[in-house]
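Work through the exercises below with the sequence and the model open side by side. Each task is followed by a solution in steps.

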Amino acid sequence: MSAALVVEAPGPFTTLQDLGRTGHQAAGIPVSGALDPESLRLANTLVGNTEGEAALEMRLAGPTLKIAADHVRVALCGASSPLEIIAPERGEIAPWRTVRLERGAVIRVPPLRESVTAYLAVEGGFDAPEILGSRSTCLRAGFGGFEGRILAEGDRLGLNLDTVAARPEIRAARPPTLTPPERIRVVLGPQDDYFSEAGLATLLTAEFVVTKDADRMGLRLSGPRLEHQRGYNIVSDGIATGAIQVPGDGQPIVLLADHQTTGGYPKIATVISADLAALGRLAPGATVRFSAVTVEEAEAARAARERDIAALLRSLEPILVDPKTLSSVALLAVNLVSGVVDAPRAG
Amino acid sequence: MSNEIRYLPSGDCALTIEFGDRVDRSLSARAMALRRALERGSIEGVIETVPTFRSLMVHYDPLVISGARLRAQIEVLATDEAEAEAEGRAVTLPVVYGGSHGPDLEDVAKAGGVTAEAAAKLHSDITHYVYMMGFAPGHPYLGDLPKELTLPRRKTPRTRIPAGTVAIAVGQTVIYPFESPGGWRAIGRTPAVLFDIRRDPPSLLRAGDHVRFRPIEVDEYDHLLSRPAAERVEIAGDSA
């Protein structure tokens, strides 16, 4: 049978995502794509893919997967949890690095730490059809990704490569910091004039808590009421990712990748693109504060962020181990064992 | 007509160009004309545009173009509303009004002081205009309804509205492409397939289209369901 990862346990909310499906919002099709595109790009770069290849996006915890290919190279990025190896021997592989696994190996991504979103990329990518220019999962209409849905037990995730060459494994020299910024930056509007001065002041001074109602569509926050002054219905208009809409109850909802393309609630502000990945990492119970910046400041922040990511993507280094501390897991991790064993087969 | 245009930044990746704050054909025409001008002008950095009742949202890449520069380039674009209007196709959708296919038709008729038959006729005698797509893939918002059919959404949303349901509220008509909950008043159902990802393009309708509803009986509805999706609708003037 063709190369695959077999899902032994799916994790709470695992989907295939790339950098999103643009160009079809006028037909009501959401952009989708990674909640934390920075970690997706890093995971792909580590395994030698193009930055925007589709990878498994895991929320809260990841799946248990059995390798059904001769060799697979993977990288786990986005959270500080390790990749657990359950079979053939128990072990742990640090995040932000690559590892080569053999047929029959079973891996598991445990509950995520420091972020609720992480990515598992595989060298060569998943064998999923590109639909409307993207492999992202569109849950609303049930297409894209793996059969348009979250993973389920027994799924076979096809892989483009049945084997990958043995070579030194690599890691990100300085993994990105996952600590959320003290304040999430927003640009006020497009409907800030629907809110009283007190309502706007509350947005920029109060602390909000991420509720359990946090998914790929948005984060429902709880905090002091944001006071409207012109009602809470607008004639529907477009929605940008990061928009903070405020329904009649005065509780803000920050819209994320799977948000609908248009909406009828006033949007008090929009989170700047440089801070969107941080939102995608927030767990229920986390607190959020906002500060307002201008569009020009947002643009400068995004350009700076992009320079940081570019530096991060260039900072990959080979993993070296001290031979005195070698264990079988460490050997697996640097590929000495499988590399030696498989050399004839690879030839 | 007021020419006051508002440029409303939606963060650093989108700019809303707002022509007014009403559901209004003349505002929609301006949004559609700007959309067309942007498609023709192909400003570097513009990713896509989304027309709505009264505005156009322009999504762009801030690493390629700044919001200020984008606005400056949009301000000098020439738009042609008549040309944009002519782009709309004429689409005819069969629909069964009332009964189990449109459980709210009786209430709608009662509120408007007419019979159910008259309410259905009011709905099928006019040409509807697709103002925008939103809420879900392939989900159209059509206007404008006569005053007899203008009423608010249901107080209690229905938990399950079948795919193809034609529903009205606030002077507009929507058609649900997928089964979903919803607060609009279900007056009928069409066998037309509003969204199919295997079709190119997947969405049956698009903003700017003109739609007529052709009343049919349940027998014809059932027959059409056995036919390929392309045979269930009539589309004229397709220039896509």
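The exercises concern the interface of two chains and one annotated span.

This is a predicted model, in which local features need pLDDT of at least 70 and side-chain atom pairs count only at pLDDT 80 or more, while totals for chains, interfaces and linings use all residues. Residues are numbered from 1 along each chain as its sequence is written, chains are lettered from A and ligands numbered from 1 in the order in which they are written, and side-chain values use heavy atoms, with hydrogens and water left out.

**Exercise 1.** Determine how much area chain B and chain A bury between them.

Solution. Begin with contacts (heavy atoms within 4.5 Å): 42 residues of chain B touch 40 residues of chain A. Next, take the buried area, the accessible area (1.4 Å probe) that two parts lose on being put together, summed over both; the two chains bury about 3100 Å², 62% of it on carbon and sulfur atoms. Finally, on the chain B side, Asp12(B), Glu48(B) and Leu63(B) lose the most area to chain A, together 17% of what that side buries.

**Exercise 2.** Find which side chains meet in a salt bridge across the interface.

Solution. Apply the rule, a side-chain nitrogen of Lys or Arg within 4 Å of a carboxyl oxygen of Asp or Glu; one salt bridge is found between chain B and chain A. The partners are Arg6(B) and Asp193(A), at 3.1 Å from N to O.

**Exercise 3.** Locate the carboxyltransferase domain that UniProt places in chain B.

Solution. The unreviewed UniProt entry puts this domain at residues 5–205 of chain B, an annotation that may be inferred rather than shown by experiment. The end C-alpha atoms of residues 5–205 of chain B lie 28 Å apart.

Note on methods. Helix = DSSP H or I, 4+ residues; strand = E, 2+ residues; numbered from the N terminus.
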